[in-house]
Amino acid sequence: MKLMKSIVFAAALMGAGGQVLAADQFVALPSYRVGPYGAGGSGFYGGMIDYFNLVNANGGINGVKMTWEECETEYNASRGVECYERMKTKNGGATLVDPLSTGIAYGIVDRVATDKIPMTMLGYGRSDAANGKVFPYVFPLITSYWNQAAAMIKYLADKNGGYPKLKGKKIVYLYHDSAFGKEAMPVLDAQAAQYGFELIKIAVAPPGSEQQSQWLQIRQAKPDHVILWGWGVMNSVAIKTAQRNGFPREKILGVWWAGSEEDTIPSGEAAKGYTSMTFNTPGNYPLIDEIRKKVYAAGKGNLADQGRIGSVYHMRGVTLGVLWVEAIRTAQEKFGKGKTMTGEQVRWGLENLNVDAARQKALGAFGMFPTVKTSCEDHEGSGAVKVQQWDGKKWVAITPNWVVGDKALTRKLLEESSLAYAKEKNITPACMQ
C-alpha cells in the first residue's frame, strides 16, 4: 500500500507539467481515512479540503490559491513522522501541517521548529505548546486538552451546585491508553486534589473494541460521573457497553473526540441523552451552505457521503481551514498581499490571528466556534468550550454560552511544563519577531 496519496487539483492550479505553480500556497495534510479512526480523519480533512476549494473558487487569498497533498498515516505515530518527512520539502516546501494525532504531533514537535513549518493542533496535542516563547512553531488552537479538562470539571461542578459540592464524589476517567488519553491527567489530578473528589483512572487499550471488563469496574465503583476520553470505535463501544451494564448515559461526559455523529448513530438508542464537549456550536451556517452551493454543486466536494456535510467532524475541518486561511491572510497583510507566504511568515500570521465576531459574520460562521485571538504568550487563542447533547437524531448545544474552566490553574501547569521542556532542550524562552 502506498503511503502517499496525491490530491487531484483543479487544472487551474497546475502548470502544464503538473507542477504546483509558484503563486500557490502549499500545505501538508498527513491524514488518515482508513482503519478504526478513519471516520474522524475523513470528515476532518474533508472539511478542510472543502474550505480550501471554496477559497479557490472565490479567487484564492488575494489571488493566491491553496494547494495540498495528503499522506495516509492510519493514525500511526511512526507512519505520521514518515509522512511529514516526505511532504515537508514538496512543491517548494510545506508551509503548514496538522496531523490530527497527539502521538504524531509529539513525534514532529521538535522537527517543525527546525524546519520552520508551523504545526497546528486543533483541540488536541501537547497543551503546554500554547506557550509560544518555548514552542514558536506549534499552535494548539482554540482550546487545548488541559483547558477542555478544566471546563469539564467546571461543568460537572455546576451540575452539582458548585465546586465545593464535588467533595467526596467519584469521577471515573475512562481513557484511550495513548498519548492522547494521558494528556488531560495533570489537570484532572490537580483538580481532584483541590476539590476533594476521587478520580478513578481506567485505561482502554486501543482501538477499544472490547470494554466489558472496564465497565464492570465502573459498575462496581458506582461513580457519580464518567469522563469518556475516547476516539474512534472506542466511543460507540463505550456507550453501548454502558447501557448493557445499566450505567446511565446521562452520567457520561465525553471528550470532544467522543462527540460526533459517527459515535452516536452506531450506538442507536443507547446514545440518546449522552453529552460531550465541543468547540463548535452544532447547527447550520451560511458558510456551510456556501460550501454546498459552490463546492459540491460543482462536483468538487471531498466527502463521498454528502449527508456528512456540516457534521461534527466536517465542521471541525472547515474551522481549521478557516483559521489556516485567516493566518495566511494576516501574514499577507504584513509581508505582501497576493504573495505566497513562507512557513516563517505563516507562523507570524498564526501568532497574530484575530478572528473576532465581526470576522466570523463576514465569513458566514458567526458563533460556529469561539472567537480566536492569539499572541506570543498564547498560541491557543481561546480556551472556551460548549457542552452538547445527542437528542437521538442530532447534536444540540445545552450550554448557551461558551464555558471556560480554571485558566489560572492551566496556565500555571502550562508555564511549569513548558519551562521544564525549555530547560531540557536548552531553549531560551523568547518571542519571535
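Reader: Why does the largest cavity lie between domain 1 and domain 2?

Author: A good way to read this is to look at who supplies the lining. In this predicted model, domain 1 (25–143 + 283–377) and domain 2 (146–278 + 388–408) both give residues to the lining of the largest cavity, so the cavity lies between them.

Reader: Which residues line the largest cavity?

Author: Let's name them in sequence order. The lining is made of Tyr32, Tyr75, Leu100, Ser101, Thr102, Tyr124, Tyr145, Phe180, Trp231 and Trp257.

Reader: How does that lining divide into nonpolar, polar and charged residues?

Author: Sorting a lining by residue class tells you its chemical make-up. Here eight residues are nonpolar, two are polar and none is charged.

Reader: And how much space lies in the largest cavity?

Author: The space comes to about 60 Å³.

Reader: How many cavities of 30 Å³ or more are there?

Author: There are two at that cut-off. The second largest cavity has a volume of about 30 Å³.

Reader: Which residues line the second largest cavity?

Author: Its lining consists of Tyr155, Leu156, Lys159, His225, Glu250, Lys251, Ile252, Leu253 and Thr275. Next, see which elements these come from: helix 4 (145–160) and strand 9 (252–254) are the ones that give two or more residues to this lining.

Reader: Which element gives the largest share of that lining?

Author: That is helix 4, with three residues.

Reader: What classes of residue do we find in the lining of the second largest cavity?

Author: This lining has four nonpolar, two polar and three charged residues. For the largest cavity, remember, the charged count was none.

Definitions and conventions. Residues are numbered from 1 along each chain as its sequence is written. This is a predicted model: local features need pLDDT of at least 70, side-chain atom pairs count only at pLDDT 80 or more; totals for chains, interfaces and linings use all residues. Side-chain values use heavy atoms; hydrogens and water are left out. On a 1 Å grid over the protein atoms alone, a cavity is a set of points where a 1.4 Å probe fits but cannot get out, and a pocket is an open set with protein on both sides within 12 Å along at least five of seven lines; lining residues have an atom within 4 Å of a point. Grid points are joined across faces, edges and corners, and a volume is the space filled by probe spheres set on the points. Ala, Val, Leu, Ile, Met, Phe, Trp, Tyr, Cys and Pro count as nonpolar, Asp, Glu, Lys and Arg as charged, and the others, Gly among them, as polar. Domain bounds come from an automatic or database domain assignment. Helices (H or I, at least four residues) and strands (E, at least two) are DSSP runs, numbered from the N terminus.
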